[in-house]
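User: I am new to this structure. Please take a close look at its nonpolar core, and then show me what lies around that part.

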Amino acid sequence: MADAPILGSTKKLKLDADVFGAEFNGPLVHEVVIAELAARRRGTAATRTRGLVRGGGAKPWRQKGSGRARQGTIRAPHFAGGGVVFGPHPRSYEQRLPRKMKRLALRGALTAKFGDEAIRIIDTFGLEAIRTKDLVGVLSALEASGRVLVVAPGRDEKLELSARNLPTVEVILADSLNVVDLLNADAVVIEQPALARMEEVYS
């Protein structure tokens, strides 16, 4: 079980070996990342087939005698303004994965971030008001630069609204962690109560 310092304090925390000491399985993490990105797709792309395009109810010319190829409607796919063949239609891109696979990949991602010294644990942000400047000051003191993922124990309006104008800072709840956001983050800032919640949920 590894020790992690609480920044701004002399105390150290014992980290759960199940959560921060798991083996990193690259192929598994890749599979979970693909599934998570697929689940984020809205799946609302749509095209109209020849049966959905307006018009084209009358036969454009008689079947025989004109010398032209026979046609039944001007909304066939080979006509301008006609329907689309094999176009996209609303669908779900969700890929179902066993929960154990997701948890194992998440623990592997947390372990990798801990090994890269990208995880910073603080007692609490202690924001007294909704103020982006105060949050920037805290993150600067923690040397958290680049893309920062802040893990909160619960909904915190002051923290969420203070981070809203920072494009590189994302606030996420401890029980809603996902592999994609973890791997994208250059620094992961975890409040101490959130750490306890993470170990309770993911161990």
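Analyst: This is a predicted model. Start with the core. The largest nonpolar core has 33 residues. Six of them have the most contacts inside it: Phe20, Val151, Leu177, Val179, Ile190 and Met198. Many elements feed this core. Among the helices, α1 (17-20), α2 (26-39), α3 (99-115), α6 (179-184) and α7 (192-202) each supply at least two residues. The strands β3 (119-122), β4 (148-152) and β6 (187-191) each do so as well.

A general point helps here. In soluble globular proteins, nonpolar side chains tend to be buried together.

There is also a second, separate core of 16 residues. Its members include Ile122, Leu135, Leu166 and Ala187.

Now zoom in on Leu177. Which residues does Leu177 touch, leaving aside those up to four places away in sequence? They are Leu106, Leu110, Leu149, Val151, Ile172, Met198 and Tyr202. Val151 and Met198 appear here again, and both are among the core residues with the most contacts.

Leu177 also leads to the largest pocket. That pocket is lined by 17 residues. Leu177 is one of those nearest its centre, along with Val32, Glu36, Lys102 and Asn178. The pocket holds about 300 Å³ of space. Its lining draws at least two residues from each of α2, α3 and α7. Those three helices also each give at least two residues to the largest core. What is the lining made of, by class? It has nine nonpolar, two polar and six charged residues.

Now move to some exposed places. Phe86 sits in the loop between α2 and α3. Its relative accessible area is 83%, so Phe86 counts as exposed, the cut-off being over 50%. Phe86 also has a positive phi of about 60°, although it is not a glycine.

Glu117 lies in the loop between α3 and β3. Glu117 is another residue other than glycine with a positive phi, near 55°. Is Glu117 buried or exposed? Glu117 is exposed, because its relative accessible area is 67%.

Last comes Lys14, in strand β2 (residues 12-14). With a relative accessible area of 54%, Lys14 is exposed too. How far is Lys14 from Asp116 in sequence and in space? They are 102 residues apart in sequence and 18 Å apart in space, C-alpha to C-alpha.

To return to the core, keep Leu177 in view: it has some of the most contacts inside the largest core, and it lies among the residues nearest the centre of the largest pocket.

Technical notes:
Residues are numbered from 1 along each chain as its sequence is written. This is a predicted model: local features need pLDDT of at least 70, side-chain atom pairs count only at pLDDT 80 or more; totals for chains, interfaces and linings use all residues. Side-chain values use heavy atoms; hydrogens and water are left out. A nonpolar core is a set of buried Ala, Val, Leu, Ile, Met, Phe, Trp, Tyr and Cys residues joined through side-chain atoms within 4.5 Å. Buried means under 20% relative accessible area, exposed over 50%, partly exposed in between (1.4 Å probe, protein chains only). Helices (H or I, at least four residues) and strands (E, at least two) are DSSP runs, numbered from the N terminus. Contact means heavy atoms within 4.5 Å. On a 1 Å grid over the protein atoms alone, a cavity is a set of points where a 1.4 Å probe fits but cannot get out, and a pocket is an open set with protein on both sides within 12 Å along at least five of seven lines; lining residues have an atom within 4 Å of a point. Grid points are joined across faces, edges and corners, and a volume is the space filled by probe spheres set on the points. Ala, Val, Leu, Ile, Met, Phe, Trp, Tyr, Cys and Pro count as nonpolar, Asp, Glu, Lys and Arg as charged, and the others, Gly among them, as polar.
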